Amino acid sequence: MTIAENSMQRPSLTSLTRKAGAVTALALGLLVSGAYAKIDDSARYEPVAPTIDQARANILIARQLQFTHFRNLGISDELSGDVFDAYLNYLDSQRIYLTQEDIDALSRVKKHLGSALKTGQLQPGFDIYNLVQQRVIERLKFALGLIDNGIEQLDFTADDRIRVDRSEAPWEANQAALDELWTKRIKNAVLAQRLNGADDDAIEETLRRRYEGQLKRAYQARSEDAFQAYMNAFTGMWDPHTSYFSPRTSENFN
């Protein structure tokens, strides 16, 4: 059961402030906007939602960090911005899914995340997660479209350059710029395999299997995945070695 479904029963955990509501409306608006190609009806991403247990855990984590951690760090507007940046870095560390247009829109909510986190209002962070997952799916579908069209259709005569490590690269301006970047990424992957002696049929099969596997995992995103990513961005402000493990991750770790 989601926070929204329990709003009448547990107002202390579930009622959203006006600021948090604005964050939610903004992120959801981005998800349904026409800025990107629509995913076909045969496969749709189902947005994940926070649970009551996660809201309770969030409140407990926030209190412990504020009042028991050796680093006396309050939850301020400045910290909210740092959480926002760390969260996006976790979700799109190579800056290959989101555009500068996305960042500009989401940046308006940076200073509101802290106040929401103090009271277990997780929806803003989940909306950001869902937006990124949507963009991941769009990019993977674009890559598969290039492969399905035949890699022999790609232009390998252009004097292209590609940045291998994009962790500090500027965000691409818009969808058209991302299309160009991903076309270069596909061409780079093709050339690397050609140099290893693979023929084009084998290359297409390898790349298709790779991106279809990533696409399948994107569709299988769970609420606990979003919560773990968001909490780790939050706890990392106090100590990079302070991490939250979801029950599934904790079992694998142990």
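Good morning. I begin with tryptophan 182, which is buried, its relative accessible area being 0%. The model I am presenting is a predicted one, and I shall use this residue as the point of entry to the helices around it.

Tryptophan 182 belongs to helix H8. Setting aside residues up to four places away in sequence, tryptophan 182 touches Ile96, Tyr97, Arg139, Leu140, Phe142, Ala143, Leu146 and Tyr211. Its side chain also has a polar partner: one of its polar atoms lies 2.7 Å from the backbone oxygen of isoleucine 96. As for leucine 146, 36 residues separate it from tryptophan 182 in sequence, while the two C-alpha atoms are 9.5 Å apart in space.

Before following these contacts outward, let me place them in the chain. The secondary structure consists of eleven helices and zero strands, so defined as DSSP runs. Of the 254 residues of the chain, 44% count as buried. If one takes contacts between residues at least 6 apart in sequence, 84% of them join residues at least 24 apart.

I turn now to H8 itself. This helix covers residues 175–195. H8 has 21 residues and reaches 30 Å from its first C-alpha to its last, which is close to the 30 Å expected at 1.5 Å a residue. How is the N-terminal end of H8 capped? Asparagine 174 serves as the cap, with a side-chain oxygen 3.3 Å from the backbone nitrogen of alanine 176. Just after the helix comes glycine 197, with a positive phi of about 95°.

Which residues of H8 are buried? They are Ala177, Leu178, Leu181, Trp182, Ile186, Lys187, Ala189, Val190 and Gln193. A lysine and a glutamine thus appear in that list beside the tryptophan. The elements covering these buried residues include H7 and H9, and I shall take H9 before H7.

Helix H9 spans residues 200–219. H8 and H9 pack at an angle of about 130°, and their axes are 10 Å apart. That makes H8 oblique to H9. The crossing of the two is right-handed. On the H8 side, the residues that meet H9 are Trp182, Ile186, Ala189, Val190, Gln193 and Arg194. On the H9 side, they are Asp200, Ile203, Thr206, Leu207, Arg210 and Tyr211. Our tryptophan is therefore part of this interface, since contact here means heavy atoms within 4.5 Å, and Tyr211 is among the residues that tryptophan 182 touches.

The other covering element is H7, residues 123–148. H7 has 26 residues and reaches 37 Å from its first C-alpha to its last, close to the 38 Å expected at 1.5 Å a residue. Is this helix enclosed or open to its surroundings? Because 21 of its 26 residues are buried, H7 is largely enclosed by the rest of the structure. Glycine 150 follows H7, and its phi is positive, near 100°.

One residue of H7 deserves particular mention. Arginine 139 is found in this helix, and at 2% relative accessibility it counts as buried. What does the side chain of arginine 139 meet in a polar contact? The partner is the side chain of aspartate 179, at 2.9 Å. Beyond its neighbours within four places in sequence, arginine 139 is in contact with Ile96, Tyr97, Gln175, Leu178, Asp179 and Trp182. Ile96 and Tyr97 are also listed among the contacts of tryptophan 182.

That brings us to the segment just ahead of isoleucine 96. Arginine 95 is found in the loop between helix H4 (77–91) and helix H5 (100–106). Its phi is near 55°, a positive value in a residue other than glycine. At 22% relative accessibility, arginine 95 counts as partly exposed.

Finally, H4 packs on H7 as well. Their axes are 11 Å apart, at an angle of about 30°. That makes H4 roughly parallel to H7. The crossing of H4 and H7 is right-handed. Here Phe84, Tyr87, Leu88 and Leu91 in H4 meet Gly125, Ile128, Tyr129 and Val132 in H7.

To close, I return to the starting residue. Tryptophan 182 is a buried residue that sits in H8, and its contacts include Arg139 and Tyr211. Arginine 139 lies in H7, and Tyr211 lies in H9. Thank you for your attention.

How values were computed: Residues numbered from 1 in each chain as written. Predicted model: local features only at pLDDT ≥ 70, side-chain atom pairs only at ≥ 80, totals over all residues. Heavy atoms only, no water. Helix = DSSP H or I, 4+ residues; strand = E, 2+ residues; numbered from the N terminus. Expected span 1.5 Å × (residues − 1). Buried < 20%, exposed > 50% of the residue type's maximum accessible area, 1.4 Å probe, protein only. Polar contact = N/O pair within 3.5 Å; in protein donor to acceptor, adjacent residues only side chain to side chain. Axes fitted to C-alpha atoms, helices over the stretch in contact; angles between N-to-C directions. Parallel < 35°, antiparallel > 145°, perpendicular 65-115°, else oblique. Left-handed = near helix turned anticlockwise from the far one by under 90°.
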